[in-house]
Amino acid sequence: MKKFLLTLAVGLMACTASAQNWMVGGRIGTGFQADAAYVFGNNNYVEARFGADWANHGGTVTADFTALYNWNILQMDWTPSFGTWFFDAGAGLNVGGKGHYAYVGVAGCAKLGVDLVKVPLRLSFDWTPVFGPEIAYWKGNSASNFYERGLLDIGVTCTYRF
């Protein structure tokens, strides 16, 4: 499963080298993820994040993958010489884990940010809550709970727009 997710993330990012309507960058917050997105003509976009997450029980670092479809809800022209502000919202899936621990859930997304005018960068602050179980398994035993720490998934994203 981890090899598949890594292959998917690398393949998605490799496609960005020659294609238009792509955004690539990074996200830092409750973890660090590489971020890639494909933008459709109406400014809606599919986003994939792959990296590490450290907002887990015991502070362990886990692999984390999120796939989202985001809708451009609102564009605001507050600072025309600096950039166009936006509010996006989306939904998708989040999976992750390490060793004998895994989590999976439905993810939502709310982003507030700015598309800069002078350079093709997009800066945003986002909250991506995850609703689902976390599962620990060891020596024939298992335990599961609601993945409470998934509600804490906040971050700052910086992407370059092709």
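## Exercises on a strand-rich model

Strand 7 and strand 11 (residues 154-161) run antiparallel to each other, paired over seven bridges. Strands here are DSSP runs of E with at least two residues, numbered from the N terminus, and two strands pair if DSSP finds at least two bridges between them. The model is predicted, so local features need pLDDT of at least 70 and side-chain atom pairs count only at pLDDT 80 or more, while totals for chains, interfaces and linings use all residues. Residues are numbered from 1 along each chain as its sequence is written, and side-chain values use heavy atoms, with hydrogens and water left out.

### Exercise 1: strand 7 and its partners

Task: find the pairing of strand 7 with strand 6 and with strand 11, and sort the side chains of strand 7 by face.

Solution.

Step 1. Begin with strand 11: there, Thr159 is the residue opposite Arg122.

Step 2. Turn to strand 6, which pairs with strand 7 in the antiparallel sense over six bridges. A hairpin of four residues joins strand 6 to strand 7. In this pairing, Leu112 stands opposite Phe125 in strand 7.

Step 3. Now sort the side chains. In a regular strand they alternate between the two faces of the sheet. In strand 7 (residues 121-127), Arg122, Ser124 and Asp126 point to one face and are buried. Leu121, Leu123, Phe125 and Trp127 point to the other face and are not buried. Buried means under 20% relative accessible area, exposed over 50%, and partly exposed in between (1.4 Å probe, protein chains only).

### Exercise 2: a close look at Asp126

Task: describe the surroundings of Asp126 in strand 7.

Solution.

Step 1. Check accessibility: Asp126 counts as buried because its relative accessible area is 0%.

Step 2. Look for a polar partner. The side chains of Asp126 and Thr128 are joined by a polar contact of 3.0 Å. Such a contact is a pair of N or O atoms within 3.5 Å; within protein, one must be able to donate a hydrogen and the other to accept it, and residues adjacent in sequence count only if both atoms are side-chain atoms.

Step 3. List the contacts, meaning heavy atoms within 4.5 Å. With neighbours within four places in sequence left aside, Asp126 is in contact with Arg27, Arg49, Cys109, Ala110, Lys111, Asp153, Ile154, Gly155 and Thr157.

### Exercise 3: the core and strand 6

Task: name the residues of the largest nonpolar core and follow strand 6 outward from there.

Solution.

Step 1. A nonpolar core is a set of buried Ala, Val, Leu, Ile, Met, Phe, Trp, Tyr and Cys residues joined through side-chain atoms within 4.5 Å. The largest one here has seven residues: Leu68, Tyr101, Tyr103, Ala107, Cys109, Val130 and Tyr147. Strand 6 (residues 101-116) gives the most to this core, four residues.

Step 2. Take Ala107 as a core member. Beyond its neighbours within four places in sequence, the contacts of Ala107 include Leu68, Gly90, Leu93, Thr128 and Val130.

Step 3. Compare with Ala110, which also lies in strand 6. Ala110 is partly exposed because its relative accessible area is 26%. Not counting residues up to four places away in sequence, Ala110 touches Phe87, Asp88, Ala89, Phe125, Asp126 and Trp127. Between the C-alpha atoms of Ala110 and Pro129, 19 residues apart along the chain, the separation is 9.0 Å.

### Exercise 4: cysteines

Task: count the disulfides, and say whether Cys109 and Cys158 are buried or partly exposed.

Solution.

Step 1. A disulfide is a covalent bond between the sulfur atoms of two cysteines. The test used is a pair of cysteine sulfur atoms within 2.5 Å. By this rule the model has zero disulfides.

Step 2. Cys109 is buried, at 7% relative accessible area. Cys158, at 33%, is partly exposed.

### Exercise 5: positive phi

Task: locate Asn43 and Lys139, and give the phi of each.

Solution.

Step 1. Most residues other than glycine have a negative phi.

Step 2. Asn43 sits in the loop between strand 2 and strand 3, where five residues lie between the strands of the hairpin. Its phi is near 70°, a positive value. Asn43 is partly exposed, at 27% relative accessibility.

Step 3. Lys139 sits in the loop between strand 9 (133-138) and strand 10 (141-146). The phi of Lys139 is positive too, near 40°. Lys139 is exposed, with a relative accessible area of 82%.
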